[in-house]
Amino acid sequence: MPPTYLEAVKRIETLTSEIRRDGLSAFERTEAAYAEVQELRAVLNARLSALRHRAG
């Protein structure tokens with residue numbers, strides 16, 4: 001089941017902090033975190049589009 005909107009936003013914040021903290025020293029982990037952020041953003045964008053479609 002996809003995360004809730006709030007869970008996804010919080011996870012993006014956590015991953016962004018990890019990326020900033022670790023930088024290139026942990027490139028593989030940073031790359032995986034960035035990929036997860038992209039996936040979460042796609043989920044959020046789909047949900048926002050659905051809400052706009054229902055409201056429009």
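Let's start with V43, which sits in helix 2. This is a predicted model, by the way, so please hear everything I say as a description of that prediction. V43 is partly exposed, because its relative accessibility comes out at 25%, and the cut-off for buried is under 20%. Now look for Y5 on your screens. V43 and Y5 are 38 residues apart along the chain, yet their C-alpha atoms are separated by 8.5 Å.

So what is the overall layout? The protein chain has two helices and zero strands. Helix 1 covers residues 5-22 and helix 2 covers residues 27-55. Their axes come within 9 Å and cross at roughly 155°. Angles over 145 degrees count as roughly antiparallel, and helix 1 and helix 2 are therefore roughly antiparallel to each other. For those of you who like to keep track of handedness, the crossing of these two helices is left-handed.

Which residues make up the contact between the helices? From helix 1 we have Y5, A8, V9, R11, I12, L15, E18, I19, R21 and D22. They meet R29, T30, A33, Y34, E36, V37, L40, R41, L44, R47 and L48 in helix 2. Sorted by class, that contact holds twelve nonpolar, one polar and eight charged residues.

Let me zoom in on one member of that list, A8, in helix 1. Is A8 buried or exposed? A8 counts as buried, because its relative accessibility is 0%. If we set aside neighbours within four places in sequence, A8 is in contact with P3, L40 and L44. Two of those names, L40 and L44, you just heard on the helix 2 side of the contact. Here is a pair to set beside V43 and Y5: A8 and A26 are 18 residues apart in sequence, and their C-alpha atoms are 23 Å apart in space.

Next, please find E7, also a helix 1 residue. E7 is partly exposed, with a relative accessible area of 46%. From E7 to L40, the C-alpha to C-alpha distance is 9.6 Å, with their positions 33 residues apart in sequence. L40, remember, is among the contacts of A8.

Over on helix 2 we find Q38. Q38 counts as partly exposed, at 45% relative accessibility. Its C-alpha atom and that of I12 are separated by 8.9 Å, while the two residues lie 26 apart along the chain. I12 is one of the helix 1 residues in the contact with helix 2.

Now let's zoom back out to the whole chain. How many of the 56 residues are buried, as a percentage? The figure is 18%. As for dimensions, the C-alpha atoms fill a box of roughly 45 × 20 × 15 Å along the principal axes. The radius of gyration is 13 Å, whereas a compact globule of 56 residues would be near 10 Å.

One last number for the contact-map fans. Take the contacts between residues at least 6 apart in sequence: 60% of them join residues at least 24 apart.

To wrap up, the picture I'd like you to keep is two helices and zero strands, with the helices roughly antiparallel, a left-handed crossing, and A8 buried in helix 1. Thanks, everyone!

Conventions: Residues numbered from 1 in each chain as written. Predicted model: local features only at pLDDT ≥ 70, side-chain atom pairs only at ≥ 80, totals over all residues. Heavy atoms only, no water. Axes fitted to C-alpha atoms, helices over the stretch in contact; angles between N-to-C directions. Helix = DSSP H or I, 4+ residues; strand = E, 2+ residues; numbered from the N terminus. Parallel < 35°, antiparallel > 145°, perpendicular 65-115°, else oblique. Left-handed = near helix turned anticlockwise from the far one by under 90°. Contact = heavy atoms within 4.5 Å. Nonpolar A, V, L, I, M, F, W, Y, C, P; charged D, E, K, R; others polar. Rg over C-alpha atoms; globule rule 2.2 N^0.38 Å. Buried < 20%, exposed > 50% of the residue type's maximum accessible area, 1.4 Å probe, protein only.
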